[in-house]
Amino acid sequence: MASKAKLKTVYFCTECGCESAKWSGQCPSCGAWNTMTEHEVSSGLRSKEKRAAGYEAAAPLGLKEISSGDEKRISSGISEFDRVLGGGIVPGSLTLVGGDPGIGKSTLLLQVCRELSLNGVGVLYVSGEESPSQIKMRAGRLGDFGDSLKLLCETDLTAVSNVMREMNPAVAVIDSIQTMYNEDVQGTPGAVSQVRESTAVLLRLAKTGGAAVFIVGHVTKEGMVAGPRMLEHMVDTVLYFEGDRHASYRVLRGVKNRFGSTNEIGVFEMQEKGLSEVKNPSEYLLEGRPENASGTVTSCTMEGTRPLLLEIQALVCQTSFGIPRRQASGADTGRVNLLMAVLEKRLGLHMGGCDAYVNVAGGMRITEPAVDLAIALSIVSSFMNIPAGDRIMAVGEVGLSGEVRSVNRIEQRVAEAANMGYEECMLPGVCMQRLKDIKAGNIKLIPVDSVKDAVDYLKKRR
Ligand code: TYD
Ligand code: MG
């Protein structure tokens, strides 16, 4: 161990990781109560000596003096994973992979290690959670591995750093950051101070050694106790792995990326032999759709640069309680209430005595207003009992006067619907201009200016 650094007492918020020199009942940053906890940290870490040890003193540079940053990316061999990273793994980068326990983070990263090792890329997989035999069992389900993969079961970060310096792998995985322990820092593994300092050490290792480092972080239910959220600003890339634990599909979502666009998603399915890529998520999400039923309308949402078709379902029925229930899963309940208010006022539909349930099939969560029109139509379709039809896709944002407003990337959405064999596409009238020169297969475009137009169309077609 290095010479004992001076210790100083600081307070960290367990919710957001905010650091403060003084204790207070309320976190000065996120406003949570009773979350400031006391930790001793070595004040040396921020001192000049230590910084000098890790970093070169920086000198100002002209842009021309800096060698170009388009370094060669390493392909992970899993195209969905590469896409979310912005086209492959960037050497010297630090990436956080967050997600609920048990969602498949270790499986995903071990699969990435597998592909890399099969291509002869040097990989170090550090696990603080599982024993070598447990990892071997998991690896056995995933298939053969190459020889360039090395496993290390260790929680002491100093030991991990030493191995990394010695082995100098191109890619390293730390599973998980909450199990890593740095003896220079006070607190048990998983404590805010430990997680932060361990990440700082790994960041330095990545930047100086040139390895691409992936750290796994568990997100806990109640806030993010010592969780990955507070690390987001320290790392280069943040990926969240999410999905319904009971459904088999998983979405890898980029929420921060210094080397590519954010909001890209990769879709996977958890199977017996690990995760497999879902190349056509629209097909997957639309699987098992009821035919010619009322209360279901297909819409298209953009996830990053990728259009995704999904089914919006609504059930509107007479309430058996005093106060009607409004519930939405996968969509915002407030938005559903607003759309129902628009329908009542602009179309004169009296749904005041009705319960309404809206569901985005497949367990996707959508926040994009472009699905408003489909939500509104599914509600009307269920309320009036008119099937909207299986072969129609609807996009458009609905305003408070019932007008249908423009959405971005309409060309891509229409093309995706055409690809998936849809015959009709209902879209904002104002978007027609942009589609003038585009041949979207045989799909019939139905421009609408208001929700009323859209509902009239469905009624007329019946
Ligand atoms: P895991 O990667 O251990 O989750 P995390 O690291 O995010 O905590 O995933 C565990 C789940 O995945 C577990 O419930 C078993 C399941 N699983 C499969 O269904 N198929 C497989 O091939 C593997 C390896 C795991
Ligand atoms: Mg794990």
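Which residues in α5 meet which residues in α6? I will start there, and then go through the domains, the sheet and the other helix pairs. Please keep in mind that this is a predicted model.

On the α5 side the residues are L157, S161, M164 and R165, and on the α6 side they are S198, V201, L202 and L205. By class, that contact has 5 nonpolar, 2 polar and 1 charged residues. Helix α5 covers residues 157–167 and helix α6 covers 192–209; their axes come within 11 Å and cross at roughly 10°. With that angle, α5 is roughly parallel to α6.

Now the overall layout. The domain assignment splits the chain into domain 1, made of 7–14 + 17–28 + 31–42, domain 2, which is 73–279, and domain 3, which is 284–459. Between the C-alpha centres of domain 1 and domain 2 there are 28 Å.

Next, the sheet. It is an open sheet of 9 strands with mixed pairing, and the order reads β6-β5-β7-β8-β4-β9-β10-β11-β12. At the edges stand β6, residues 149–153, and β12, residues 274–277; each has a single partner strand, so one side of each is left without a neighbour in the sheet. On average, and ignoring direction, neighbouring strands here are turned by 25° against each other.

At the β12 edge, strand β11, residues 265–271, runs antiparallel to β12 and is joined to it by 4 bridges. One bridge to point out there pairs Q271 with G274 in β12.

Two helices pack on this sheet. Helix α3 touches β4, β5, β6, β7, β8, β9, β10, β11 and β12, and its direction makes about 155° with that of β5. Helix α5, from the opening, packs on the sheet too, touching β5, β6, β7 and β8; the direction of α5 makes about 170° with that of β5.

Staying with α3, how do the axes of α3 and α4 cross? They come within 10 Å and cross at roughly 65°, with α3 at residues 105–118 and α4 at 132–142. That angle makes α3 roughly perpendicular to α4. The crossing is right-handed. From α3, the contact takes S106, T107, L110, Q111 and R114, and from α4 it takes I135, R138, A139 and L142. Those residues divide into 4 nonpolar, 3 polar and 2 charged.

Another helix pair is α8, residues 333–347, with α9, residues 372–384; here the axes come within 10 Å and cross at roughly 65°. Helix α8 passes α9 in a right-handed crossing. The α8 residues R335, V336, L339, M340 and L343 meet D372, I375, A376, I379 and V380 in α9. By class this contact holds 8 nonpolar, no polar and 2 charged residues.

Last, the strands β1 and β2. Strand β1, residues 7–13, pairs with strand β2, residues 19–20, in the antiparallel sense over 2 bridges. Opposite Y11 stands S20 in β2. The hairpin of β1 and β2 has 5 residues between the strands, and G17 in that hairpin takes a positive phi near 85°.

That is the end of the tour.

How values were computed. Residues are numbered from 1 along each chain as its sequence is written. Chains are lettered from A and ligands numbered from 1 in the order in which they are written. This is a predicted model: local features need pLDDT of at least 70, side-chain atom pairs count only at pLDDT 80 or more; totals for chains, interfaces and linings use all residues. Side-chain values use heavy atoms; hydrogens and water are left out. Axes are lines fitted to C-alpha atoms, for helices over the stretch in contact, and angles run from 0 to 180 degrees between N-to-C directions. Angles under 35 degrees count as roughly parallel, over 145 as roughly antiparallel, 65 to 115 as roughly perpendicular and the rest as oblique. Contact means heavy atoms within 4.5 Å. Ala, Val, Leu, Ile, Met, Phe, Trp, Tyr, Cys and Pro count as nonpolar, Asp, Glu, Lys and Arg as charged, and the others, Gly among them, as polar. A crossing is left-handed if the near helix is turned anticlockwise from the far one by less than a right angle, and right-handed if clockwise. Domain bounds come from an automatic or database domain assignment. Two strands pair if DSSP finds at least two bridges between them.
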